[in-house]
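Q: I have a model open here and would like to go through it with you. Could we take it piece by piece?

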Amino acid sequence: MDQLRELVNKLQQVCTTLGDNAGSDKNDGLPSLWEVLPSIVVIGGQSSGKSSVLEAVVGKDFLPRGSGIVTRRPLLLQLVQGKPGAKEYGQFLHKMNEKFTDFEAIRQEIEAETHRSLGSGKAVSPEPIHLTIYSPDVPNLTLVDMPGLTKIAIEGQPKSIVRDIEDMARAYIKGENAIILAVSPANADIATSDGIRLAREVDPAGERTIGVLTKLDIMDRGTNARDVLEGRSVQLKHGWIAVVNRAQADINSNVTMDECRKREMEFFNGSPHYRGLRNVGMGSLTHKLCRKLEEAIVRQIPKIQQTINKGVQDMQKELKTLGPMTANNRGAMVHEILSMCREFDSSYATMLDGGKGGGEAILDVFEGKLTKCIRELPFKEVYSLANIKKVINEADGYQPHLIAPEMGYRRLIEAGLKLLKDPSVICVEEVYLILQQLVGTVLSSKDCEGLARYSLLSAEILSQSGLALERMRDDAKAMVVTMVDMEASYLTAEFFREILRVQDEKDASLLTMSGKGIKAGDGGTSEDLHLKQIANHVSAYLGVVCNQLKATIPKAIVHCLVLQAKKSLLDKFVEEVAGKDAESLRRLLGENEEVMQRREACSKRLDLLQTAYRELTVSLSSR
């Protein structure tokens, strides 16, 4: 069993070394080994005798003393039992290269480290001081000494001190694997003891609480604590143990710990109130603590193994996602940037080919918005009888047309075709916006998680992609406008020859934009009939051209914009990267501070868990 307690000591030391303890941030998402390791946490009110109990377990004077709050940070005290005759010394985690053989120097270092970390600005801190004491005369135990609970803030202390200390103690004892050592002075009302009150709050069933009674030797005459020790008053599932600490006079007189332990047992054996009780004395307390800790360790071994194994897997997976440390030489940096650009291009092409944010959205622009915009154009104003009459008269000038007003026809059709420029340009803009939004979607996608490490590189890719898309958009705009201008520049004469052929036949191959035949119809003056005939001819021609452009404008946009974006969005940027100097590349690969900190935290936690795995494997195999 000593091996198991020694194992937990080692694991807790590793935990504290790498920042995993009850005072660390539990919202960081890192797996905590500390939470599944059994520990003994000592709580109690100020001046309840906590420090004296701990010193009695160690057998040395080493804790700061004084009035008010003396313990201002948790003291994580690990006791390591050495071989008989081995040298006694203490070692602090913050001074691993120094061995303290003078226990008075240990006391001074605790005070100095507390002052260094807190100064005069803070009253208390949940970050522990880690001290390991090696001695042949100590049991293998890990104890956490908490600042003493208090009911009111005295002068010079912040008003929040009462709550701060209580919250700190609660954080250390609320875990299911914390054995609570609740110290209460027997010369005060035990039922209202601060330590018992807090212990019952987090451990209402008393499964983890051991009560310690101090100061029995200074109780009022006629009173004693036997009812408590025999379980008839202030009951605890695991009972109470009574101890008699050294008096201040003993400390001033340098009375040894051995002599004090001898006097302690003389007091209990000589008292009619406590004679015959077995749950008295520091020896009983040490034995009980060792036994309870051993039981907790045996019970927790499977959970410890499970936590280590799962934690290693989780940390390895997250570190893989975060990626390795950034390369430092120019060639490696160029390679890394180009690799991420290729990943971006590949992901962009994949999203563009399918999905609601890519190909499907573009298709909706072509089949929905373009058709709707063309349908809503004011063509009727172009071939209204009044406009036709006006345009024809203006086109004829001083020489009226003889048979067909050809110049008027041309101007009417040109006017109608000009209306098609806006829907064509709008269609380009709509597709451009989709492609632009897709860049941001890809950058934040799982496929480009590696880019999330580099905020400057991500911003540069976003910027360069935007510039490339703008150039492609302008090319596409020029193309579709040219296509509309081409239709206006050359009218198909064959269409009008076909009109003459079908005009008096019942042929439905040529229809106006409203879907009617091109025959002028009956009724009205001869001039009206003539104008209606021109209107139908112009409408039919515009209808044919509109249908052609509905098919060819999307082709032009896909050719000039969509396919170019798919193939060469980052081509210009890649060329620039190849020519950049090492310093410029290093700036591009400057990682987010949060990512760097997270990788470091995950690496430390992985080291902790792997070390714990090795220690656990060796310990269990040697049992």
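Q: To start with a single residue, is K215 buried, exposed or partly exposed?
A: K215 is partly exposed, because its relative accessible area is 25%, which lies between the under 20% that counts as buried and the over 50% that counts as exposed. Please keep in mind throughout that this is a predicted model.

Q: Where is K215 in the chain, and what is its phi?
A: K215 sits in the loop between β8 (209-214) and α6 (226-229), and its phi is near 60 degrees, which is a positive value in a residue other than glycine.

Q: What about V234, where is that placed and what does its phi look like?
A: V234 belongs to the loop between α6 and β9 (240-242), and although V234 is not a glycine, it has a positive phi of about 45 degrees.

Q: And is V234 buried or exposed?
A: V234 has a relative accessible area of 18%, so it is buried, given that the cut-off for buried is under 20%.

Q: Let me step back to the whole chain. How many helices and strands are there, and how much of it is buried?
A: The protein chain has 21 helices and nine strands, and of its 623 residues, 48% count as buried. As for contacts between residues at least 6 apart in sequence, 80% of them join residues at least 24 apart.

Q: Which residues touch the most other members in the largest nonpolar core?
A: That core has 100 residues, and L33, I43, F62 and L213 are the ones that touch the most other members. Helix α9 (residues 282-322) gives the most to this core, with 14 residues. Apart from it lies another core, of 70 residues, which includes M333, F366, L531 and L561.

Q: What is L213 in contact with, beyond its sequence neighbours?
A: If you set aside the neighbours within four places in sequence, L213 is in contact with S184, A186, I190, A225, V228, L229, W240, I241, A242 and V243.

Q: Staying with α9, is T286 buried or exposed, and what does it touch?
A: T286, which is found in helix α9, is buried, with a relative accessible area of 17%. Outside its neighbours within four places in sequence, T286 is in contact with V57 and P139.

Q: V57 is in α2, I think. How many residues of α2 are buried?
A: V57 is indeed one of the buried residues of α2. Nine of the nine residues of helix α2 (residues 50-58) are buried, so this helix is largely enclosed by the rest of the structure. The buried residues include K50 and E55 as well as V53, L54 and V58. After α2 comes G59, whose phi is positive, near 85 degrees.

Q: Different topic: where is V442, and what is it in contact with?
A: V442 is placed in helix α15 (residues 421-443), and it is buried, with a relative accessible area of 0%. Leaving out the neighbours within four places in sequence, V442 is in contact with F344, S347, Y348, M351 and C448. The C-alpha atoms of V442 and D345 are separated by 9.1 Å, although these residues are 97 apart along the chain.

Q: How do α10 and α15 cross?
A: The axes of helix α10 (residues 330-353) and α15 come within 10 Å and cross at roughly 125 degrees, and the two helices are therefore oblique to each other. The crossing of α10 and α15 is right-handed.

Q: Which residues meet there?
A: From α10 these are F344, S347, Y348, M351 and L352, and they meet L435, L438, V439, T441, V442 and L443 in α15. By class, this contact of α10 with α15 has nine nonpolar, two polar and no charged residues.

Q: And how does α10 pack with α16?
A: The angle between α10 and helix α16 (residues 455-489) is about 55 degrees, with their axes 12 Å apart, and that angle makes α10 oblique to α16. Here α10 passes α16 in a right-handed crossing. I337, M340, C341, F344 and Y348 in α10 meet L457, I461, S465 and L469 in α16, and the residues of this contact divide into eight nonpolar, one polar and no charged.

How values were computed
Residues are numbered from 1 along each chain as its sequence is written. This is a predicted model: local features need pLDDT of at least 70, side-chain atom pairs count only at pLDDT 80 or more; totals for chains, interfaces and linings use all residues. Side-chain values use heavy atoms; hydrogens and water are left out. A nonpolar core is a set of buried Ala, Val, Leu, Ile, Met, Phe, Trp, Tyr and Cys residues joined through side-chain atoms within 4.5 Å. Buried means under 20% relative accessible area, exposed over 50%, partly exposed in between (1.4 Å probe, protein chains only). Helices (H or I, at least four residues) and strands (E, at least two) are DSSP runs, numbered from the N terminus. Contact means heavy atoms within 4.5 Å. Axes are lines fitted to C-alpha atoms, for helices over the stretch in contact, and angles run from 0 to 180 degrees between N-to-C directions. Angles under 35 degrees count as roughly parallel, over 145 as roughly antiparallel, 65 to 115 as roughly perpendicular and the rest as oblique. A crossing is left-handed if the near helix is turned anticlockwise from the far one by less than a right angle, and right-handed if clockwise. Ala, Val, Leu, Ile, Met, Phe, Trp, Tyr, Cys and Pro count as nonpolar, Asp, Glu, Lys and Arg as charged, and the others, Gly among them, as polar.
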